[in-house]
Amino acid sequence: MNQLKIIELAEGWEFMVKGITKLKRILEEEPELHFSSEEYMMLYTTIYNMCTQKPPNDYSQQLYDKYKEAFQEHINSTVLPCLREKHDEFLLKELVRRWANHKIMVRWLSRFFHYLDRYFITRRTLPNLYEVGLTCFRDLVYEELKVAVRDAVIALIDVEREGDQIDRALLKNVLDIYVEIGMSLMEYYENDFEEELLNDSSAYYSRKASNWIVEDSCPDYMFKAEECLKKEKDRVSHYLHSSSEQKLVEKVQNELLVVFTTQLLEKEHSGCLALLREDKVEDLSRMYRLFSKVPKGLDPVASIFKKHVTAEGTTLVQQAEEAASNKAEHTVGSQEQVFIRKVIELHDKYFSYVNDCFGNHSLFHKSLKEAFEVFCNKQVSGCSSAELLASFCDNILKKGGNEKLSDEAIEETLDKVVKLLAYISDKDLYAEFYRKKLSRRLLFDKSANDDHERIILTKLKQQCGGQFTSKMEGMVTDLALARENQINFEEYLGNNPNANPGIDFAVTVLTTGFWPSYKSSDLSLPAEMVKCVEVFKEFYQTRTKHRKLTWIYSLGTCNINGKFVPRPIELIVGTYQAAALLLFNQSDRLSYSEIKTQLNLADDDLVRLLQSLSCAKYKILIKEPNTKTVTPNDNFEFNSKFTDKMRRIRIPLPPVDERKRVVEDVDKDRRYSIDASIVRIMKSRKVLGHQQLVMECVEQLSRMFKPDFKAIKKRIEDLITRDYLERDKDNPNMFRYLA
């Protein structure tokens, strides 16, 4: 068996050098044929044989070293001299070409020397052939040229920023070298290129911004800033590494937006406030887009938005005040309706800004809420917004209200009213005013549409909870039951002809807890009316044994025929007025005190009804002396000569100011609510400090009203005297719950 001939190092390497030279000629594009598979196999086999000979003829280590030297020799003799004579873009192009060639050379040589990679390197844990090839380029070429290359790239980027075209593909190839040199680590790209790029970008945009902020309006500046940011992102997608995007964008944002935030937003004729005043929706949207990317960038925008909305709303309050003071006689009327309309329009406008310009961002919802809370809780000519809002609803929901709206428009408006209610701190006051007005609509058949009444109650329930609307819902249900009751009563009368009082007569039965409290009096009814009351009582006892009826005559209405000399006229009056007029069937002339005795009425009620019949528009009674006010010394007689062009007239009672009563009722309810809240908290906590108790109490009650600290303190004292709580003996600021 023939022994294989030993290949000596010099001989073997000489053969390899021929192959390497051929490869270099191919790479330098000199006339040279490509490697045939035989040539390739010969080169590979030579290395294989030289590495597998028995020691001392195993030349693995020497070949490993010579592999590296081959690269070093080529770089020093050919690559570096070519690169050193080139600058700027020419340097970049040459570098890209040399790097591409170098990678091909590494690929080919590492194939020739592949046997080293498989055995020798693995056993000795040395850098592999690919790594050795790359390291040679890095240590000899990259380290020498990296600064010149970086400066050339950044110079081109700045040229592009100024609007000129550059070779983007070239830059992409150059920057890939920084990444590839790191062999999957980004440190070369970051330390040798990116850091300086970021510094240069900061300086570039700092110069630009310093000029723009002086020369440009806020919208123009923002337009430029947005364009710059778009272009920087575009740059990343075309040639920078994707990891640079966030860092680069932050640098640009910092120079263009953060540094100049205050100056930009507060520009006198074009800043955020001016854009809001002039409804520049597109510019505001751009402002939101730009500043939403900056940490805490939206805070100052939201703050200006809040100030602006607050100012707009406060102006509406002042306008309403002025309009009201210009009217001599003041009632809650059209001016306030106009005010609430305008507040709704203001809310519509800025709510759509929050959605459309400010990306529905919670910060702007909060600003809008806080702004509306400021002016929605101001008094307008002595009326709270809670009352105005209730009156506004009343005007929409009652027959003949001055809001002529379609069903859809009414529902939409009610929706908006309920949204406004969210900003009002005295929701309980609104509820009480609303309930008062609802009762009048229901009892006097003034409600335009039952469906609308139910719709708003549903909306209020969603906004404020079931407790808020439970009484109101009870009232609506009560009225439906009352109608049913009346039908049954009419059937009862039909079946018992003897019981019929001879008068058309309807009764509305209400449940005490649902309705506002009404004054009931022991009015001495005329005989005709007494019969009606007795008949109804008998009927009602057949329906229920356990309910007590309390008659509220102040809410009743009567139609009576006035037999006047010119012609009879039907009079629509209240029960009190009817009772007074019927007295004149028996007497021609009665004194104030006689009327008072016969009717058994209190002075203030009596004065009101006599005023309406003798001193107001329709003088059904003649008063002596003929003065404008009723006194206990007056005498009255029936005015038989009274006439009017109408065949039927309504004679109203002078209005009573119910506002004071409502406020008193609400105050009383608040005391109960505060008591209940304190007891609830103390029951669960057993022991609690004063400050903590007050804060928790405010927290619990703030959904309905903002309790006054003094009021809470007073209620705590009251609960101590009633033995619900006691003070701690050692610390008077601590309270204990007494079960």
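**Reading cores, domains and a pocket**

Student: Which residues touch the most other members in the largest nonpolar core?

Tutor: In this predicted model, the largest nonpolar core has 89 residues, and Leu 256, Phe 305, Phe 372, Tyr 430 and Tyr 434 touch the most other members. The general idea: in soluble globular proteins, nonpolar side chains tend to be buried together. Helix α14 (residues 298-325) gives the most to this core, with nine residues. At least three core residues come from each of domain 2 (191-295) and domain 3 (300-477).

Student: What does Tyr 434 touch?

Tutor: Leaving aside residues up to four places away in sequence, Tyr 434 touches Ala 390, Cys 393, Leu 397, Arg 441, Glu 453, Ile 456, Leu 457 and Met 472. Apart from the largest core lies another core, of 68 residues, including Ile 47, Val 106, Leu 170 and Val 179.

Student: Let me try a single residue. Is Val 236 buried or exposed?

Tutor: Go by relative accessible area, where under 20% counts as buried. Val 236 has 5%, so it is buried. Val 236 sits in helix α9 (residues 218-238). Beyond four places in sequence, Val 236 touches His 241, Ser 242, Glu 245 and Leu 248. Gln 246 is ten residues from Val 236 along the chain, and their C-alpha atoms are separated by 9.8 Å.

Student: Now the domains. How many residues does the contact take from domain 3 and domain 6?

Tutor: Start with the assignment: domain 1 (9-147), domain 2 (191-295), domain 3 (300-477), domain 4 (480-543), domain 5 (556-656) and domain 6 (659-737). The centres of domain 3 and domain 6, taken over C-alpha atoms, are separated by 30 Å. Their contact takes 16 residues from domain 3 and nine residues from domain 6.

Student: And why does the second largest pocket lie between domain 3 and domain 6?

Tutor: Look at who supplies the lining. Domain 3 and domain 6 both give residues to the lining of this pocket, so the pocket lies between them. The second largest pocket holds about 730 Å³ of space. It is lined by 23 residues, of which Asp 428, Gln 467, Phe 468, Ser 673 and Met 704 are the closest to its centre. Two or more lining residues come from each of α19 (427-443), α21 (466-495), α26 (659-685) and α27 (690-701). The largest share, seven residues, comes from α26.

Student: Which classes of residue make up the lining of the second largest pocket?

Tutor: Count by class: ten lining residues are nonpolar, five are polar and eight are charged.

Note on methods: Residues numbered from 1 in each chain as written. Predicted model: local features only at pLDDT ≥ 70, side-chain atom pairs only at ≥ 80, totals over all residues. Heavy atoms only, no water. 1 Å grid on protein atoms, 1.4 Å probe; cavity = no way out; pocket = protein on both sides within 12 Å on 5 of 7 lines; lining within 4 Å. Points joined across faces, edges and corners; volume = space filled by probe spheres on them. Helix = DSSP H or I, 4+ residues; strand = E, 2+ residues; numbered from the N terminus. Nonpolar A, V, L, I, M, F, W, Y, C, P; charged D, E, K, R; others polar. Domains from an automatic or database assignment. Core = buried A, V, L, I, M, F, W, Y, C linked by side-chain atoms within 4.5 Å. Buried < 20%, exposed > 50% of the residue type's maximum accessible area, 1.4 Å probe, protein only. Contact = heavy atoms within 4.5 Å.
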